[in-house]
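Student: I would like a close look at a single part of this model, namely the sheet, together with whatever packs against it. Please take me through it carefully and in one connected account.

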Amino acid sequence: MLRQAIEDGCCLVCLVYVSTARAGVSHAILNAILEDARLWNAEHGITGILIYCDGSFLQYLEGPREQVKQCYERITASTSHADIVELINEPTGTRKFSHWHMGFTTASRSQLRALLEVRWRNDTGDQHKTGADGIGLLRHLMDGGGVAG
Ligand SMILES: Cc1cc2nc3c(=O)[nH]c(=O)nc-3n(C[C@H](O)[C@H](O)[C@H](O)COP(=O)(O)O)c2cc1C
């Protein structure tokens, strides 16, 4: 039933948030978080991307509404970060990162700034970057446009 919901696009939602990493979150801790996250996400139909930049996280999650809610509860319960700010939590027609149970890359400050300038809820397009532009930026980072690290 979960799989059917995923394939139908029924009740699919996307959620984007930013947060501040706890001081002392090392590569090893980050790898452990990602390993744990990918296992849980794969079992619960969650896909998305995690970006790290100089002490900040930005994460794009997508999946069935109830599973995204549970995933976000796990994320907000984590002591590895704080100051979590939700930027969007809305229905979406299709998955944008269906190949990633949680892709990860790093970004430069200017790339993170560009992601924070995105009006994630705005699909209509004006002089501001829209949610679609945000997806484009995330894809660019995942395609190797992020900074090494
Ligand atoms: C930046 C960040 C992203 C996370 N992403 C996910 C995720 O996509 N899916 C998930 O199930 N848990 C996610 N988690 C939760 C971790 O997998 C793990 O359960 C949690 O970090 C453990 O708690 P602790 O950090 O207090 O040790 C995330 C945690 C952090 C800090």
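**The sheet and its surroundings**

Tutor: Read along the sequence, the pattern of the protein is α-β-α-β-β-α-β-β-α-α, which amounts to five helices and five strands. The model is a predicted one, and in it 30% of the 149 residues count as buried. Of the contacts with a separation of 6 or more, 75% are between residues 24 or more positions apart.

The five strands form an open sheet with mixed pairing, in the order β4-β1-β3-β2-β5. At the edges stand β4 (81-91) and β5 (103-106), each of which has a single partner strand, so one side of each is left without a neighbour in the sheet. On average, and with direction ignored, neighbouring strands of this sheet are turned by 15° against each other.

It helps to walk through the pairings, starting from one edge. Strand β4 pairs with β1 in the antiparallel sense over eight bridges, and within this pairing Val-13 stands opposite Pro-91 in β4. The strands β1 and β3 also run antiparallel and are joined by nine bridges, with Val-16 opposite Tyr-60 in β3. Next, β3 and β2 (residues 47-53) pair over seven bridges, again in the antiparallel sense, and here Ile-51 has Leu-58 of β3 as its bridge partner. As a general matter, strands of a sheet pair through backbone hydrogen bonds, either parallel or antiparallel.

Two residues deserve attention for their backbone angles. In the loop between β2 and β3 lies Asp-54, which has a positive phi of about 45° although it is not a glycine; Asp-54 is exposed, with 12 other C-beta atoms within 10 Å. Asp-83, found in strand β4, likewise has a positive phi, of about 55°, and is not a glycine either. Asp-83 is exposed too, with 9 other C-beta atoms within 10 Å. For context, most residues other than glycine have a negative phi.

Turning to the helices that accompany the sheet, α4 (residues 109-117) lies across β1 (12-21), β2 and β3, and runs at about 45° to β3. Helix α5 (residues 131-145) has Gly-131, Gly-134, Leu-137, Leu-138 and Leu-141 as buried residues. Seen down the axis of α5, these buried residues fall within an arc of 115°, so they line one face of the helix. That agrees with the general rule that an α-helix has 3.6 residues a turn, so residues three or four places apart point the same way. The buried residues of α5 pack against β2, β3, β4 and β5 and also against α4, whereas the face of α5 turned away from its buried side carries the exposed residues Asp-143 and Gly-144.

Finally, the sheet also has a part in the surroundings of the ligand. At least two residues of the shell around the ligand are supplied by each of α2 (27-44), β3 (56-64) and α3 (65-77), and the largest share, five residues, comes from α2. There are 16 residues around the ligand, of which Ala-37, Trp-40, Ser-78, Thr-79 and Ser-80 come nearest. By character, the residues of this shell divide into eight nonpolar, six polar and two charged. Strand β3 therefore appears in several places in this account: it pairs with β1 and with β2, α4 lies across it, and it supplies residues to the shell around the ligand.

Technical notes
Residues numbered from 1 in each chain as written. Predicted model: local features only at pLDDT ≥ 70, side-chain atom pairs only at ≥ 80, totals over all residues. Near = placed C-beta within 6 Å. Helix = DSSP H or I, 4+ residues; strand = E, 2+ residues; numbered from the N terminus. Nonpolar A, V, L, I, M, F, W, Y, C, P; charged D, E, K, R; others polar. Pairing = 2+ DSSP bridges. Axes fitted to C-alpha atoms, helices over the stretch in contact; angles between N-to-C directions. Contact = placed C-beta atoms within 7 Å. Buried ≥ 20, exposed ≤ 12 C-beta atoms within 10 Å, placed from the backbone. Arc of directions from axis to C-beta.
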